[in-house]
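Welcome! Here is a friendly briefing to read alongside the model. Have the sequence and the 3D view open, and follow along topic by topic.

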Amino acid sequence: VSQVLRNVTAIVLVRFGTLAILSRLGFDLIPLLAGAGIVGIAISFAAQGLIKDIINGFLIVLEDQYAVGDVIIVGQLGGLVENMNLRVTQVRNNEGQLITIPNSAISVVQNLSKDWSRVDLSIEVAYDSNPDYVLDILRKLAQEIYQEQTWHDKIIDPPEVLGIDGLQHSGMLIRIWIKTQPLQQWAVAREFRRRLKLVMTQENIAIGIPQQSFLFATSSPFKTD
């Protein structure tokens, strides 16, 4: 909001300052303002896209859809919001590229860091694994990481091991939710995956592997009565 207000204030001050200077120099401002109004109307018709940018930018700020420091996704583009004003939003993606998006092009936006974030983790284990045993191991792992002070400050609520989310020929799909502080979901997910790999190795829990079955049918070329 402060950045937007600074931009708007700068524009207003420059315009009023220019008019004040012209007035002190003895220019008649009435014809000038009348002409500026006509020119403004002509420009408004020619710059409808710019007006749409400004209106949409104002609504984004008013509704607090996102702010500088948030991570957002707009269509196929996404990144950390580094700068925004009433006309454009600039985000920095994972490759360090600064992407400028006109506000009028933002119709649907995903805010990944508004109030809180979530790790949505799925792990597929071998089909012949004992589901109760695997779920119990995962719950213990979730409680272990939640009780450590370093990670407890990043995780808002105890992790939820939701259970078996799917049964496929490759194995059982188990889903885990971890509610975190904004922008902490990636660090928590990386640490959870690291510990999960160690636990699965220690407990001999195999990862799911696609399996196929082949049926061979044989028939005799000779017919008998």
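Which residues does L138 touch, not counting residues up to four places away in sequence? L138 touches I123, V161, I174, I176 and L196, where contact means heavy atoms within 4.5 Å. This is a predicted model, in which local features need pLDDT of at least 70 and side-chain atom pairs count only at pLDDT 80 or more, while totals for chains, interfaces and linings use all residues. Residues are numbered from 1 along each chain as its sequence is written, and side-chain values use heavy atoms, with hydrogens and water left out. Helices (H or I, at least four residues) and strands (E, at least two) are DSSP runs, numbered from the N terminus.

**The nonpolar cores**

- A nonpolar core is a set of buried Ala, Val, Leu, Ile, Met, Phe, Trp, Tyr and Cys residues joined through side-chain atoms within 4.5 Å.
- Buried means under 20% relative accessible area, exposed means over 50%, and partly exposed is in between (1.4 Å probe, protein chains only).
- The largest nonpolar core has 26 residues, and V125, L138, I174 and F192 have the most contacts inside it.
- Two or more residues of this core come from each of β6, α4, β8 and α6.
- Helix α4 gives the largest share of this core, eight residues.
- Another core lies apart from it, with eleven residues, among them V81, M84, V91 and I106.

**Helix α4**

- Helix α4 covers residues 131-147; at 1.5 Å a residue its 17 residues should span 24 Å, and its end C-alpha atoms are 24 Å apart, which agrees.
- The expected span of a helix is 1.5 Å times one less than its number of residues.
- The buried residues in α4 are V134, L135, I137, L138, L141, A142, I145 and Y146.
- These buried residues lie on the same side of α4, because they cover an arc of only 165 degrees around the axis; the arc is that of the directions from the helix axis to the C-beta atoms.
- D132, K140 and Q147 are exposed on the other side of α4.
- The cover over the buried residues of α4 includes β6 (117-125), α5 (149-152), β7 (160-168), β8 (171-180) and α6 (185-202).
- At the N-terminal end of α4, N130 acts as a cap, with a side-chain oxygen 3.1 Å from the backbone nitrogen of D132.

**The five-stranded sheet**

- Five strands form an open sheet in the order β4-β3-β2-β1-β5, with antiparallel pairing; two strands pair if DSSP finds at least two bridges between them.
- The edge strands, β4 (98-102) and β5 (110-111), each pair on one side only.
- Strands β1 (residues 71-74) and β2 (residues 77-84) are joined in the antiparallel sense by four bridges.
- Across this pair, I72 stands opposite G79, and V71 stands opposite L80.
- The hairpin of β1 and β2 has two residues between the strands, and G75 takes a positive phi near 65 degrees there.
- β1 also pairs with β5 in the antiparallel sense, over two bridges, with I73 opposite Q110 in β5.
- β3 and β4 pair in the antiparallel sense over five bridges, and the bridge partner of R92 in β4 is L98.
- The hairpin of β3 and β4 has five residues between the strands, and G96 takes a positive phi near 85 degrees in it.
- Side chains alternate along β4: I99 and I101 point to one face and are buried, while L98, T100 and P102 point to the other and are not.

**A loop residue, N85**

- N85 is found in the loop between β2 and β3 (88-92).
- N85 is buried, with a relative accessible area of 19%.
- A polar atom of the N85 side chain lies 2.8 Å from the backbone nitrogen of R87.

**Helix α3**

- The 15 residues of helix α3 (residues 48-62) should span 21 Å at 1.5 Å a residue, and its end C-alpha atoms are 21 Å apart, which agrees.
- D53, N56, G57, I60 and V61 are the buried residues of α3.
- They cover an arc of only 140 degrees around the axis, so they are on the same side of α3.
- Q48, K52 and L62 are exposed on the face of α3 turned away from its buried side.
- D64, just after α3, takes a positive phi of about 55 degrees.

Key. Polar contact = N/O pair within 3.5 Å; in protein donor to acceptor, adjacent residues only side chain to side chain.
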